[in-house]
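Q: Please take a close look at the part where the two chains meet. Which residues and elements form it, and how are the copies related?

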There are 2 protein chains.
Amino acid sequence: MILEVAQIRIKAGQAAPFEAAYRQAQQHLRAAEGYVSHELRRCLEQADQYLLLVHWRRLEDHTVGFRGSRHFQEWRGLIGSFFDGPPSVVHYLSLDDQAGAQASQKLA
Amino acid sequence: MILEVAQIRIKAGQAAPFEAAYRQAQQHLRAAEGYVSHELRRCLEQADQYLLLVHWRRLEDHTVGFRGSRHFQEWRGLIGSFFDGPPSVVHYLSLDDQAGAQASQKLA
């Protein structure tokens with residue numbers, strides 16, 4: 001399982017409408033193929049900074065499947081206008097999954 | 001509950017010994033007052049980049065309690081020498097906890 005970590009900075013003073021839009025937008029994330037779970041968190045130290053954590057079954061479920069889907073269009077359509085620049089997005093593998101993933105790559 | 005998010009960059013080529021040291025060091029994190037759970041993840045896009053996620057009961061359990069404790073000395077003693085510069089550490093509040101936290105601050 002892959003963890004998507006997206007750092008999202010929103011425009012100043014937009015926290016309440018962004019969070020309301022996010023609550024509506026979540027359904028489009030949940031509907032994606034390979035979606036497992038997600039949470040959005042607000043930064044304590046930096047105003048207007050959020051962290052979106054999404055568990056995906058496989059990397060491609062996010063980078064290919066979701067990003068190429070109408071669910072992504074809907075999701076971004078609802079929350080994208082609040083972003084102050086493009087989010088920084090990276091993916092992380094669990095240390096416990098690593099041995100398995102490396103073994104699978106060798107077999108593939 | 002607070003989520004600590006630490007981005008850790010390690011020295012090139014040190015993944016295996018760092019991960020071994022981390023497996024040993026975890027016990028000192030788990031022993032901390034206010035510790036709830038944690039996981040370490042390895043970045044897919046950037047070599048030598050890790051993400052440490054730690055759930056704490058309260059912010060001060062991390063910033064005051066843990067950092068001022070012998071557990072932190074032990075933890076850092078085991079893994080600190082692998083770091084390529086100081087980790088970037090921030091804290092995030094769950095959106096669902098926010099209303100409660102704001103209410104508590106007003107009452108405090």
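A: The following describes the contact between the chains and their symmetry. This is a predicted model, in which local features need pLDDT of at least 70 and side-chain atom pairs count only at pLDDT 80 or more, while totals for chains, interfaces and linings use all residues. Residues are numbered from 1 along each chain as its sequence is written, and chains are lettered from A and ligands numbered from 1 in the order in which they are written.

In the interface, 20 residues of chain B are in contact with 20 residues of chain A (C-beta atoms, placed from the backbone, within 7 Å). On the side of chain B that touches chain A, two or more residues come from each of β1 (2-9), β2 (35-43), β4 (88-94) and α4 (95-107) of chain B; helices (H or I, at least four residues) and strands (E, at least two) are DSSP runs, numbered from the N terminus. By class, this side of chain B comprises eleven nonpolar, four polar and five charged residues (nonpolar: Ala, Val, Leu, Ile, Met, Phe, Trp, Tyr, Cys and Pro; charged: Asp, Glu, Lys and Arg; polar: the others, Gly among them).

Strand β2 (residues 35-43) of chain A pairs with β4(B) in the antiparallel sense over three bridges, where pairing requires that DSSP finds at least two bridges between the strands. A:Cys43 has B:Tyr92 as its bridge partner in β4(B).

As for symmetry, chain B is superposed on chain A by a rotation of 180 degrees with 0.0 Å of shift along its axis (RMSD 0.0 Å), with the fit made by least squares on the C-alpha atoms of residues with pLDDT of at least 70 in both copies. The two copies are therefore related as by a two-fold rotation axis. Both copies use the same surface, since 100% of the contact residues of chain B recur in chain A.

Terms used
Contact = placed C-beta atoms within 7 Å.
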